[in-house]
Amino acid sequence: MSDPFIASYVALWLLTVASLVVLLATARQVALLTRRFPFAQVVQEQGPDLGTEAPSTEGTTLSGEPIAIASPLPVPTAIVFISETCTTCKERLPELDQMAQQADEFDLWLLAEKIPEDPDFLTARLSERLIVSPTAFRTWDVNVVPYSFVVGTSGKVEAKGDVLNIGR
(Lines give C-alpha, C1' and ligand atoms only; values in the text may rest on other atoms or scores of the structure.)
Protein backbone atom coordinates (compact mmCIF):
# COMPACT_ATOMS: atom_id res chain seq x y z
CA MET A 1 0.00 0.00 0.00
CA SER A 2 1.11 3.51 -0.70
CA ASP A 3 1.53 6.17 1.95
CA PRO A 4 -1.20 8.51 0.61
CA PHE A 5 -3.69 5.64 0.68
CA ILE A 6 -2.87 4.80 4.33
CA ALA A 7 -3.08 8.46 5.30
CA SER A 8 -6.49 8.88 3.66
CA TYR A 9 -7.69 5.60 5.22
CA VAL A 10 -6.66 6.81 8.73
CA ALA A 11 -8.17 10.23 8.10
CA LEU A 12 -11.49 8.69 7.06
CA TRP A 13 -11.56 6.55 10.20
CA LEU A 14 -10.82 9.58 12.37
CA LEU A 15 -13.66 11.50 10.68
CA THR A 16 -15.99 8.53 11.16
CA VAL A 17 -15.20 8.30 14.88
CA ALA A 18 -15.56 12.09 15.29
CA SER A 19 -18.92 11.99 13.48
CA LEU A 20 -20.08 9.17 15.75
CA VAL A 21 -19.12 11.17 18.85
CA VAL A 22 -21.04 14.20 17.57
CA LEU A 23 -24.05 12.01 16.74
CA LEU A 24 -24.08 10.47 20.24
CA ALA A 25 -23.72 13.87 21.90
CA THR A 26 -26.61 15.23 19.81
CA ALA A 27 -28.78 12.19 20.62
CA ARG A 28 -28.10 12.71 24.33
CA GLN A 29 -29.12 16.36 24.13
CA VAL A 30 -32.31 15.50 22.25
CA ALA A 31 -33.14 12.87 24.88
CA LEU A 32 -32.59 15.40 27.68
CA LEU A 33 -34.77 17.98 25.95
CA THR A 34 -37.61 15.56 25.33
CA ARG A 35 -37.54 14.54 29.00
CA ARG A 36 -37.45 18.18 30.01
CA PHE A 37 -40.20 19.29 27.62
CA PRO A 38 -42.39 16.30 26.78
CA PHE A 39 -44.39 16.95 23.62
CA ALA A 40 -47.76 16.32 25.24
CA GLN A 41 -47.09 18.84 28.01
CA VAL A 42 -45.98 21.54 25.61
CA VAL A 43 -48.97 21.11 23.33
CA GLN A 44 -51.68 20.60 25.93
CA GLU A 45 -52.33 22.71 29.00
CA GLN A 46 -53.86 20.31 31.48
CA GLY A 47 -56.45 20.53 34.19
CA PRO A 48 -58.62 23.31 35.54
CA ASP A 49 -57.67 26.90 34.76
CA LEU A 50 -55.90 29.04 37.32
CA GLY A 51 -58.32 30.80 39.65
CA THR A 52 -61.10 28.26 39.10
CA GLU A 53 -62.52 25.94 41.72
CA ALA A 54 -60.48 22.75 42.13
CA PRO A 55 -62.43 19.54 41.71
CA SER A 56 -62.97 17.52 44.85
CA THR A 57 -60.94 14.34 44.88
CA GLU A 58 -61.92 11.09 46.50
CA GLY A 59 -59.91 7.92 46.83
CA THR A 60 -58.35 5.56 49.30
CA THR A 61 -55.07 5.51 51.15
CA LEU A 62 -52.71 2.53 50.90
CA SER A 63 -54.24 1.20 54.12
CA GLY A 64 -57.67 1.23 52.44
CA GLU A 65 -59.17 4.17 54.32
CA PRO A 66 -61.39 6.48 52.25
CA ILE A 67 -60.09 10.03 51.92
CA ALA A 68 -61.27 13.18 50.18
CA ILE A 69 -59.65 16.49 49.30
CA ALA A 70 -62.33 19.15 49.06
CA SER A 71 -62.65 22.84 49.83
CA PRO A 72 -62.30 24.61 52.08
CA LEU A 73 -58.79 23.45 52.81
CA PRO A 74 -57.04 24.24 56.11
CA VAL A 75 -53.72 25.00 54.38
CA PRO A 76 -52.57 25.36 50.76
CA THR A 77 -52.29 21.91 49.24
CA ALA A 78 -49.97 20.56 46.55
CA ILE A 79 -51.47 17.70 44.57
CA VAL A 80 -49.00 15.71 42.48
CA PHE A 81 -50.17 13.14 39.94
CA ILE A 82 -47.71 10.26 39.60
CA SER A 83 -47.39 6.79 38.12
CA GLU A 84 -45.21 3.87 39.08
CA THR A 85 -44.18 3.39 35.44
CA CYS A 86 -43.04 7.02 35.02
CA THR A 87 -39.24 7.34 35.18
CA THR A 88 -39.39 11.08 35.80
CA CYS A 89 -41.74 10.45 38.74
CA LYS A 90 -39.26 7.99 40.21
CA GLU A 91 -36.43 10.52 39.81
CA ARG A 92 -38.44 13.24 41.57
CA LEU A 93 -39.66 11.12 44.51
CA PRO A 94 -36.65 11.94 46.75
CA GLU A 95 -37.32 15.66 46.26
CA LEU A 96 -41.02 15.15 46.94
CA ASP A 97 -40.07 13.23 50.08
CA GLN A 98 -37.98 16.21 51.25
CA MET A 99 -40.93 18.51 50.54
CA ALA A 100 -43.22 16.24 52.56
CA GLN A 101 -40.77 16.30 55.45
CA GLN A 102 -40.72 20.10 55.46
CA ALA A 103 -44.45 20.53 54.88
CA ASP A 104 -45.47 22.66 57.87
CA GLU A 105 -47.27 25.48 56.09
CA PHE A 106 -48.76 23.40 53.25
CA ASP A 107 -50.04 19.91 52.60
CA LEU A 108 -48.75 17.48 49.96
CA TRP A 109 -50.74 14.65 48.39
CA LEU A 110 -49.69 12.22 45.67
CA LEU A 111 -52.39 10.81 43.41
CA ALA A 112 -52.05 7.54 41.52
CA GLU A 113 -54.55 5.56 39.46
CA LYS A 114 -53.66 2.26 41.10
CA ILE A 115 -51.76 0.84 44.05
CA PRO A 116 -48.04 0.59 43.19
CA GLU A 117 -46.90 -3.00 42.71
CA ASP A 118 -43.32 -2.26 43.79
CA PRO A 119 -43.24 -1.94 47.61
CA ASP A 120 -40.07 0.19 47.39
CA PHE A 121 -41.62 2.69 44.96
CA LEU A 122 -42.50 5.14 47.76
CA THR A 123 -40.84 5.95 51.05
CA ALA A 124 -42.87 5.48 54.23
CA ARG A 125 -43.52 9.24 54.44
CA LEU A 126 -44.81 9.41 50.85
CA SER A 127 -46.84 6.21 51.26
CA GLU A 128 -48.83 8.01 53.96
CA ARG A 129 -49.56 10.80 51.46
CA LEU A 130 -50.65 8.60 48.54
CA ILE A 131 -54.25 8.64 47.40
CA VAL A 132 -55.29 5.91 44.99
CA SER A 133 -58.07 7.17 42.78
CA PRO A 134 -58.85 5.69 39.37
CA THR A 135 -61.11 8.65 38.54
CA ALA A 136 -58.92 11.56 39.69
CA PHE A 137 -56.95 11.74 36.44
CA ARG A 138 -60.16 12.22 34.46
CA THR A 139 -61.67 14.58 37.02
CA TRP A 140 -58.60 16.81 36.94
CA ASP A 141 -58.04 16.27 33.18
CA VAL A 142 -54.46 15.04 33.65
CA ASN A 143 -53.01 13.01 30.78
CA VAL A 144 -49.26 13.21 31.39
CA VAL A 145 -47.39 12.64 34.65
CA PRO A 146 -45.79 14.03 36.69
CA TYR A 147 -48.20 16.95 36.88
CA SER A 148 -49.05 19.06 39.89
CA PHE A 149 -51.53 21.60 41.15
CA VAL A 150 -51.42 23.95 44.11
CA VAL A 151 -54.84 24.57 45.62
CA GLY A 152 -55.25 27.46 48.03
CA THR A 153 -57.32 27.49 51.21
CA SER A 154 -60.19 29.00 49.18
CA GLY A 155 -60.28 25.84 47.05
CA LYS A 156 -59.12 27.60 43.90
CA VAL A 157 -56.24 26.42 41.69
CA GLU A 158 -53.34 28.82 42.35
CA ALA A 159 -50.61 27.11 40.31
CA LYS A 160 -50.18 24.14 38.03
CA GLY A 161 -47.56 22.55 35.84
CA ASP A 162 -45.09 19.75 35.43
CA VAL A 163 -42.88 18.70 38.33
CA LEU A 164 -39.56 18.74 36.49
CA ASN A 165 -38.18 21.71 38.40
CA ILE A 166 -38.87 20.59 41.97
CA GLY A 167 -35.84 21.21 44.12
CA ARG A 168 -33.90 23.01 41.38
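## Aromatic pairs

A search across the whole structure, which is a predicted model, identifies 6 aromatic pairs. One of them is formed by F81 and F149: the ring centres lie 6.0 Å apart and the planes meet at 80°, over the 60° cut-off, so the pair is classed as edge-to-face. This pair joins distant parts of the chain, since F81 belongs to strand β3 (residues 77–81) and F149 to strand β6 (residues 147–151), with the two positions 68 residues apart in sequence.

F81 and F149 are both buried. They also belong to a wider group, for ring pairs connect F81, F137, W140, Y147 and F149 into a cluster.

## Overall architecture

The protein chain contains 5 helices and 7 strands. In sequence order, these elements follow the pattern α-α-β-β-β-α-β-α-β-α-β-β. The chain has 168 residues, and buried residues account for 35% of them.

## The internal cavity

How many cavities of 30 Å³ or more does a search of the whole structure find? The search returns 1 cavity at or above that volume. The space within the largest cavity amounts to about 50 Å³.

The lining of the largest cavity is made up of A54, P55, I69, A70, S71, L73, I79, W140, V151 and G155. Sorted by class, this lining comprises 8 nonpolar and 2 polar residues, with no charged residues. W140 thus has two roles in this description: it is named in the cavity lining and in the aromatic cluster.

## Strand β3 and the preceding loop

T77 is located in strand β3. Its relative accessibility is 4%, under the 20% cut-off, and T77 is therefore counted as buried. The side chain of T77 comes to 3.1 Å from the backbone oxygen of V75.

V75 itself is placed in the loop between β2 (66–69) and β3. Is V75 buried or partly exposed? With a relative accessibility of 27%, V75 counts as partly exposed, because this value falls between the cut-offs of 20% and 50%.

## Contacts in space between separate segments

Several residue pairs relate this region to other parts of the sequence. V75 and D107 are separated by 32 residues in sequence, while their C-alpha atoms are 6.5 Å apart. D104 and V75 are 29 residues apart along the chain, with a C-alpha to C-alpha distance of 9.3 Å. D104 sits in the loop between α3 (87–101) and β4 (107–112). At 69% relative accessibility, a value over 50%, D104 is classed as exposed.

A further pair involves strand β3 directly. T153 and T77 lie 76 residues apart in sequence, and the distance between their C-alpha atoms is 7.8 Å. T153 occupies the loop between β6 and β7 (157–162). Its relative accessibility of 40% places T153 among the partly exposed residues, whereas T77 is buried.

## Backbone features between α5 and β6

Two residues of the loop between α5 (136–139) and β6 have backbone features of note. P146 is found in this loop, and the peptide bond leading from V145 to P146 is cis, with an omega near -5°.

D141 lies in the loop between α5 and β6 as well. What is the phi of D141? The angle is near 60°, a positive value in a residue other than glycine. D141 has a relative accessibility of 37% and is therefore counted as partly exposed.

## Cysteines

The count of disulfides in the model is 0. Two cysteines can be described by their accessibility. C86 has a relative accessibility of 10% and so counts as buried, the cut-off being 20%. C89, at 2% relative accessibility, likewise counts as buried.

Notes: Residues are numbered from 1 along each chain as its sequence is written. This is a predicted model: local features need pLDDT of at least 70, side-chain atom pairs count only at pLDDT 80 or more; totals for chains, interfaces and linings use all residues. Side-chain values use heavy atoms; hydrogens and water are left out. On a 1 Å grid over the protein atoms alone, a cavity is a set of points where a 1.4 Å probe fits but cannot get out, and a pocket is an open set with protein on both sides within 12 Å along at least five of seven lines; lining residues have an atom within 4 Å of a point. Grid points are joined across faces, edges and corners, and a volume is the space filled by probe spheres set on the points. Ala, Val, Leu, Ile, Met, Phe, Trp, Tyr, Cys and Pro count as nonpolar, Asp, Glu, Lys and Arg as charged, and the others, Gly among them, as polar. Rings of Phe, Tyr and Trp (its six-membered ring) pair if their centres lie within 6.5 Å; planes under 30 degrees apart count as stacked, over 60 as edge-to-face and the rest as tilted. Helices (H or I, at least four residues) and strands (E, at least two) are DSSP runs, numbered from the N terminus. Buried means under 20% relative accessible area, exposed over 50%, partly exposed in between (1.4 Å probe, protein chains only). A disulfide is a pair of cysteine sulfur atoms within 2.5 Å. A polar contact is a pair of N or O atoms within 3.5 Å; within protein, one must be able to donate a hydrogen and the other to accept it, and residues adjacent in sequence count only if both atoms are side-chain atoms.
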